[in-house]
Every structure is written in structure tokens, then in C-alpha cells.
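Please consider how aromatic rings are arranged in the structure shown here. The explanation proceeds from ring pairs to the charged groups that lie over rings.

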Amino acid sequence: MREVLAQAAFQLFLERGFERTTVDDIVARAGVGRRSFFRYFPSKEDVVFPDHERCLAEMTEFLAAVDEGDPVGAVCDAARIVLRMYAADPEFSVQRYRLTREVPGLRTYELSVVRRYEQTLAGHLRGRFGADGDGELRAEVIAASVVAAHNNGLRLWLRSGGAGDPEAAVDHALDLVRDVWERPAGPSPALEKQLEGQLEKPVPAGGITAGSGDNEVIVMVAAKGTPMWRVVQQIEAAVGES
């Protein structure tokens with residue numbers, strides 16, 4: 001029924017325009033009552049985006065099941081779920097893209113949908129990076145980068161009328177995101193200096209060496225909660241001293 005209503009609505013939008021089409025017109029074309037329409041769509045705007053709720057639920061389920069090894073790669077893969085949704089019906093996707101360009105209210109609605117995807121990605125990243133320090137900022141910035149990269153590639157395909165492979169442009173854009181954000185996180189020199197100034201006492205840590213030559217082993221001991229960048233710094237110092 002959702003598909004029947006969506007098809008009827010788009011036929012009318014193309015014939016009469018979005019503003020001149022009413023819910024009564026849509027249900028008459030679909031051969032159902034108003035109650036059936038509002039059972040599936042809260043408003044006329046929602047019928048333009050009939051598949052986003054399902055896609056958002058699929059993205060949420062996907063992120064809940066991924067491992068913790070590659071959070072940036074995971075959110076990039078999650079964005080591709082949206083791409084596959086558009087690519088599954090190129091004709092409908094192109095029509096929708098053109099319609100949203102013509103109707104300001106639909107463009108505003110679309111931006112709210114995009115924001116929900118972005119919040120879902122950022123929520124996943126916050127769970128991996130934490131909310132302390134730059135963790136929350138990093139999650140928000142990466143999520144925004146992923147959405148911007150995905151939408152750039154997707155719109156190139158939509159503006160072409162749905163010609164060619166939509167994954168090529170999106171993959172290229174998302175690869176740029178991964179190149180930047182999959183680098184190990186570490187504080188800037190200014191932030192490092194600020195953090196050091198905030199420490200009331202040195203973080204207890206030490207190195208224990210065993211063996212000699214190529215078989216030498218270094219074991220680091222650090223206080224619980226020590227920032228990872230400081231642990232790495234101490235390891236590097238110990239390796240240099242050895």
C-alpha cells in the first residue's frame with residue numbers, strides 16, 4: 001500500500017505539480033480512503049520519501065552489528081545503504097531529486113532526513129570514541145564528512161539522470177574521508193601543551209625491559225585512564241632509550 005500511494009502521488013506531482021496536488025487527489029488516484037493514506041504517511045511531504053524510515057532502520061541495525069575495529073569504515077559502509085536504496089529504483093530517485101529541487105518545502109524536509117542519518121552515524125562514533133575530550137567533536141565531524149561525501153557522489157549520479165554506476169563516485173568520495181579520518185587520533189601540539197598543564201601530577205608509568213638485542217621486550221605500565229596518545233608517547237620514548 002505504501003508503494004501504491006507513493007506511485008499515485010508521484011504521478012500527480014508530475015502532472016499537476018506538488019503544490020496543486022492534495023491528499024484527496026492522491027487517495028482518489030490510488031483508490032483508497034484518507035484513513036489509509038495517514039496510516040502510512042503523516043503528511044504529503046512524507047510520501048515523497050517513502051523509503052527513508054526503512055533505510056534508517058536498516059542503517060541502525062547494521063551499525064549495531066559491526067565490530068569495533070574500524071569505526072570510520074563502518075559508518076562509510078552504513079552510508080552505502082542509503083546509496084543502494086536510491087540505486088534500486090533510478091527512475092523514481094531521479095524524479096524525486098528533480099522534484100525536491102523545484103519545491104523549497106521538500107528541500108527543507110529532505111535536509112531534516114539527511115540530518116537524521118548524520119545523527120545516527122555520529123551516535124555510533126560517539127560510542128567508539130567516547131564523549132570526553134575531542135571524542136564527541138571527532139564523531140560529529142566525521143559523521144558530517146561521511147554524509148557530505150556520500151551526497152556529493154549521489155547527486156552527481158542523480159544530476160546525470162541516473163546514468164552509469166552510482167557507486168563509483170560515492171566510493172571515491174568516501175575513500176577521501178577514510179584517508180583523512182582513519183589516521184590515529186592524537187592531540188595537536190597546542191592541545192597537548194594544554195593537557196600537560198592541567199595534570200596535577202605526572203602519570204605514573206614505567207618500562208620494563210627483558211632480553212637483549214633483537215629479542216629485547218619492553219613492557220609499559222600506565223595508570224588506568226591514561227590517554228592513549230600519552231601511552232604511545234611513553235612507548236616511543238622507551239624504545240628510543242633502549
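The following paragraphs describe the aromatic pairs, their burial and their charged neighbours.

The model is predicted, and it holds 6 aromatic pairs. One of them joins Phe10 and Phe13: the ring centres are 5.7 Å apart and the planes stand at 65°, so this pair is edge-to-face, given that angles over 60 degrees count as such. Both residues belong to helix H1, which covers residues 2-16; because they are 3 residues apart there, about one helical turn separates Phe10 from Phe13. Phe10 and Phe13 are both buried.

Another pair is formed by Phe37 and Phe38. Their ring centres lie 5.2 Å apart with the planes at 85°, and the pair is therefore also edge-to-face. The two partners are unlike in their exposure. Phe37 has a relative accessible area of 0% and is therefore buried. Phe38 has a relative accessibility of 38%, so Phe38 counts as partly exposed, because that class spans the range between the limits of 20% and 50%.

Beyond single pairs, which residues form one aromatic cluster? The cluster consists of Phe10, Phe13, Phe18 and Phe92; the edge-to-face pair of Phe10 and Phe13 is thus part of this group.

Charged side chains also lie over aromatic rings. Lys44 is positioned over the face of Phe18, at 4.3 Å from the ring centre, and Phe18 is itself one of the cluster members. Arg138 lies over the face of Phe129, with a distance of 5.2 Å from the ring centre.

Terms used:
Residues are numbered from 1 along each chain as its sequence is written. This is a predicted model: local features need pLDDT of at least 70, side-chain atom pairs count only at pLDDT 80 or more; totals for chains, interfaces and linings use all residues. Side-chain values use heavy atoms; hydrogens and water are left out. Rings of Phe, Tyr and Trp (its six-membered ring) pair if their centres lie within 6.5 Å; planes under 30 degrees apart count as stacked, over 60 as edge-to-face and the rest as tilted. Helices (H or I, at least four residues) and strands (E, at least two) are DSSP runs, numbered from the N terminus. Buried means under 20% relative accessible area, exposed over 50%, partly exposed in between (1.4 Å probe, protein chains only). A charge sits over a ring if NZ of Lys or CZ of Arg is within 6 Å of the ring centre and within 35 degrees of the ring normal.
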